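Please look over the sequence and the structure shown here, and then follow the report below, which moves from the whole chain to a single element.

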Amino acid sequence: MSQTHTRAEESGRFEQLPADECWLLLEQSAVARLAYVLAGRLELLPVTFRTYEGDGVRGLVFRTAASTRLAGLVEPTDAVVELDELDPDTATGWSVVARVRTGPAPDGVELPQPWAPGQRDVCIGLQVTSISGRIVSAPQQS
């Protein structure tokens, strides 16, 4: 291990992740938090999702029941997806935030298997408009 790397670990870090690394973290995950405003009410819910890419577009898809508030996201609206992994024991972690535009899921994309029971026939697409992330680690204690 280099002295520079050791000093960085000792002093901790809080750095921006490149967009491609943020996308990779999304691809490797299955659950994220979705924040949106519907009928004037701010909502934040976990969703099981799958990523897709095609024609220069990156996005996520999830399934929901027609009777849920999430089904309203078939109508275009701006939303935010947040995903993280934090380890309190080591004081390390990362977070990815994707700004998205909701709408019907594109045809032909692979759909996720929902964790929630019941029929989930409404397929929502989340087209990524921007993505950013951070990685953090606390300074090592001596």
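## Contacts along the chain

Two residues are said to be in contact when they have heavy atoms within 4.5 Å of each other. In this predicted model, among the contacts between residues at least 6 apart in sequence, 67% join residues that are at least 24 apart.

## Overall build

The chain contains two helices and eight strands, and someone who reads along the sequence meets these elements in the order α-β-α-β-β-β-β-β-β-β. Along the principal axes, the C-alpha atoms fill a box of roughly 55 × 30 × 30 Å.

## Surface, burial and charge

Of the 142 residues in the chain, 33% are buried, where buried means under 20% relative accessible area. The accessible surface of the chain comes to about 8,800 Å², and carbon and sulfur atoms account for 51% of that surface.

The chain carries 12 positive and 19 negative charges, and the mean positions of these two groups of charges lie 5 Å apart.

## The second helix

Helix α2, which spans residues 19–27, has C22, W23, L25 and L26 among its residues, and these four are buried. They lie on the same side of α2, because the arc that they cover around the axis is only 155 degrees.

What do the buried residues of α2 pack against? Their partners are the strands β1 (13–17), β4 (50–54), β5 (57–64), β6 (78–87), β7 (92–104) and β8 (122–137).

Conventions:
Residues numbered from 1 in each chain as written. Predicted model: local features only at pLDDT ≥ 70, side-chain atom pairs only at ≥ 80, totals over all residues. Heavy atoms only, no water. Buried < 20%, exposed > 50% of the residue type's maximum accessible area, 1.4 Å probe, protein only. Areas by Shrake-Rupley, 256 points an atom, 1.4 Å probe, with all protein chains shown as cover. Lys, Arg positive; Asp, Glu negative; His and termini not counted. Charge placed at Lys NZ, Arg CZ, Asp CG, Glu CD. Arc of directions from axis to C-beta.
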